[in-house]
Amino acid sequence: MIITSTVSPALRAGLHFLGMWPSDSSTIHWLSFMLSMLIVQYFQYVYTFGHLKMSELSNLVDCLIVSLDYSLTLFKMASLWIHRRIFHKILADMDNDWRECINIHQHLHMMTIKANISHFISNTLISFNGIVAVLYLLGDYVIHSVFLTTDYNDTLRQLPIKIQLPFETQQSPIFECLVVTLVLHVTMHACTIAILNALILTVVFHVSGQIDIMCHEFKNISKSALHKSSENLFGMLIERHNRIILFSKNIESLFSFIALMQVVWNTLVICCLGFVVIISIHNEAGVFVIVKTVSGYFVVMTEAFVICFAGEYLSLKSKLIGNAIYETMWYDMPADQSKIIVFIIMRCQKQLTITAGKMMDMSFGTFTSIMKASASYISVLNAVY
């Protein structure tokens, strides 16, 4: 089967479901999803404010973890919807790039490699988040079944997540319907997180494939062509470079606010997870709580790592353009053509990046800072506790 898009079928289906893919019914899908998220979010915060007590601090923090993650997803979806024209422009540019390379075997080969990587990562992220969500939701039931004590009121059945509904939830079949609904909704939310992460990586891998094509064209400029009129060749390469820069700017506009929220929210959620771990160490159910919390921690860190990796990867790939141009035999070119080379190299000095609100570049350095901040918080909390 010939691949004709960097967007995987699973990612495309997910974007259709969320109402982000260009279609006639996208607005209805998006509004339906956001309404369901807002309803669950409202009752989550009703529970949070209803249990705002020092005596229930551990329970409160555990509730905040899921609530904050829901809030982050709401911000992400709202940001994507506000910038949906930019997103649709990115999708259209991706289709045009594939149509151009479909008849050039070498270009198609390089884009196919990037597409295969993108498809594999998208499928892995969606599957991983779905499995972890189910394990996280079942964690409380395992803890209660293993550590059931005489003081435990087994008539009070637990919902998968901590929410406070305005009606009685313990009676059957209302309780069973709520459990199934919440499990499906939280799993859908976890898959939504994976879809958004996969989208970031997909567009970055696509532009990296275009950068590889441009570098390949510069490296393959033959020595004989250097002494001939090659303005048309340089013109096509400059046009491709302009498209890469514009495409990267669109990526930055689309994900800049999302990256900022990612840094702030992930730091808060990681601190909450660390608080739960420290408290759980001193409880009899600590092992199971830690396993549950660690599974959530890996999902949160995956979110932060994905966007930091995307920014780092895009920055590194942008440097390759300048290196590939410099490695050409520019010293044998006519003066007018060598001047073109100089201008292209000058444009390559400004790296392509993804920033967090245009304040800091998303890179491995940023990811390390997030890890250090959370580790410092957990270390201080452990010493105080």
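Among contacts in the protein chain between residues at least 6 apart in sequence, what percentage join residues at least 24 apart? In this predicted model, the figure is 80%. Keep that in mind as we walk through the fold.

The architecture is easy to list: the protein chain has 11 helices and zero strands. Read from the N terminus on, the elements therefore run as an unbroken series of α, α-α-α-α-α-α-α-α-α-α-α. Of the 385 residues in the protein chain, 51% count as buried. Turning to the outside, the accessible surface of the protein chain comes to about 18,800 Å², and carbon and sulfur atoms account for 66% of that area.

One spot on this surface is worth a visit. Phe128, Val294 and Phe298 together make a nonpolar surface patch of about 250 Å². Phe128 sits in helix α5, which covers residues 105-146. Its relative accessibility is 33%, so Phe128 counts as partly exposed.

Before you zoom in further, a look at confidence will help. The mean pLDDT of the protein chain is 81, and 85% of its residues reach 70 or more. Confidence is highest in helix α1 (residues 9-18), at a mean of 92, and lowest in helix α7 (residues 223-226), where the mean is 50. Over residues 149-153, pLDDT stays under 50, and the model has three contacts beyond four places in sequence for this stretch. Where pLDDT is low, predicted coordinates should not be read in detail.

Methods. Residues numbered from 1 in each chain as written. Predicted model: local features only at pLDDT ≥ 70, side-chain atom pairs only at ≥ 80, totals over all residues. Heavy atoms only, no water. Patch = residues over 30% accessible without salt bridge, like charges linked within 9 Å, V, L, I, M, F, W, Y side chains within 5 Å. Areas by Shrake-Rupley, 256 points an atom, 1.4 Å probe, with all protein chains shown as cover. Salt bridge = Lys/Arg side-chain N within 4 Å of Asp/Glu carboxyl O. Helix = DSSP H or I, 4+ residues; strand = E, 2+ residues; numbered from the N terminus. Buried < 20%, exposed > 50% of the residue type's maximum accessible area, 1.4 Å probe, protein only. Contact = heavy atoms within 4.5 Å. pLDDT = per-residue confidence, 0-100.
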